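Open the model in a viewer and keep the sequence panel visible. The stops below go from selection to selection.

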Amino acid sequence: MNTAAVRARLIERDGFKCKVCRVKLTVPGDPQLASKPTDASIDHIIPKSKGGVSADYNLRLLCYKCNTTRGNKMPERDVNLSFSFGRASFSFDITSTNVSARIEIK
Ligand SMILES: [Zn+2]
């Protein structure tokens, strides 16, 4: 995946805040090289090792600190993600045991 482009989309969708601790994110020049605790890093909500895909609905921005503490655990709490793309709206409910998706076309 094109990490820089994905990160730009996630920033546009979610803003410059860590989804877990709400810290204001800093953006490292190279997206692969987050190193400061507040650096933006891309997190797979359902971890890749548990079958999570690299699509935007399964990605979010976390600060480097939260992302590295999290490891391969399933989401710390239930997550709902909703977004629109053109005339379609997508809604995902993610719990530690289940993922359900709803797609509506206006
Ligand atoms: Zn954080």
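Two strands count as paired if DSSP finds at least two bridges between them. With that in mind, select Phe83 and Phe90: Phe90, in S4, is the bridge partner of Phe83.

**Whole chain**

Colour by pLDDT. This is a predicted model, and its chain averages a pLDDT of 84, with 88% of the residues scoring at least 70. Among the elements of the chain, S2 has the highest mean pLDDT, 92, and S3 the lowest, 79. Where pLDDT is low, predicted coordinates should not be read in detail.

Switch to a cartoon. Two helices and five strands make up the secondary structure, and along the sequence they follow the pattern α-β-β-α-β-β-β. Of the 106 residues in the chain, 16% are buried. Among contacts between residues at least 6 apart in sequence, 46% join residues at least 24 apart.

**The nonpolar core**

Select Cys18, Leu25, Ala34, Ala40, Leu61, Leu62, Cys63, Tyr64 and Cys66; these nine residues form the largest nonpolar core. Strand S2 (59–63) and helix H2 (64–70) each supply at least two residues of this core. S2 gives the most, with three residues.

Now centre on Cys66. Which residues does Cys66 touch, not counting residues up to four places away in sequence? They are Cys18, Val20 and Cys21.

**The hairpin**

Select residues 79–85, strand S3, and then residues 88–94, strand S4. The two strands run antiparallel and are joined by seven bridges. Besides the Phe83 and Phe90 pair, show Val79, whose bridge partner in S4 is Ile94.

Move to the turn. Two residues lie between S3 and S4 in this hairpin, and Gly86 in the turn has a positive phi of about 60°.

Stay on S3 and check its burial. The count of buried residues among the seven residues of S3 is zero, so the strand is hardly covered, given that a residue is buried if 20 or more other C-beta atoms lie within 10 Å of its own.

**The sheet**

Add residues 99–105, strand S5. The result is an open sheet of three strands in the order S3-S4-S5, paired antiparallel. Why is one side of S3 and of S5 left without a neighbour in the sheet? Both strands stand at the edges, and each has a single partner strand, so one side of each has no neighbour in the sheet. Neighbouring strands of this sheet are turned by 10° against each other on average, direction ignored.

Terms used. Residues numbered from 1 in each chain as written. Predicted model: local features only at pLDDT ≥ 70, side-chain atom pairs only at ≥ 80, totals over all residues. Core = buried A, V, L, I, M, F, W, Y, C linked by C-beta atoms within 7 Å. Buried ≥ 20, exposed ≤ 12 C-beta atoms within 10 Å, placed from the backbone. Helix = DSSP H or I, 4+ residues; strand = E, 2+ residues; numbered from the N terminus. Contact = placed C-beta atoms within 7 Å. pLDDT = per-residue confidence, 0-100. Axes fitted to C-alpha atoms, helices over the stretch in contact; angles between N-to-C directions.
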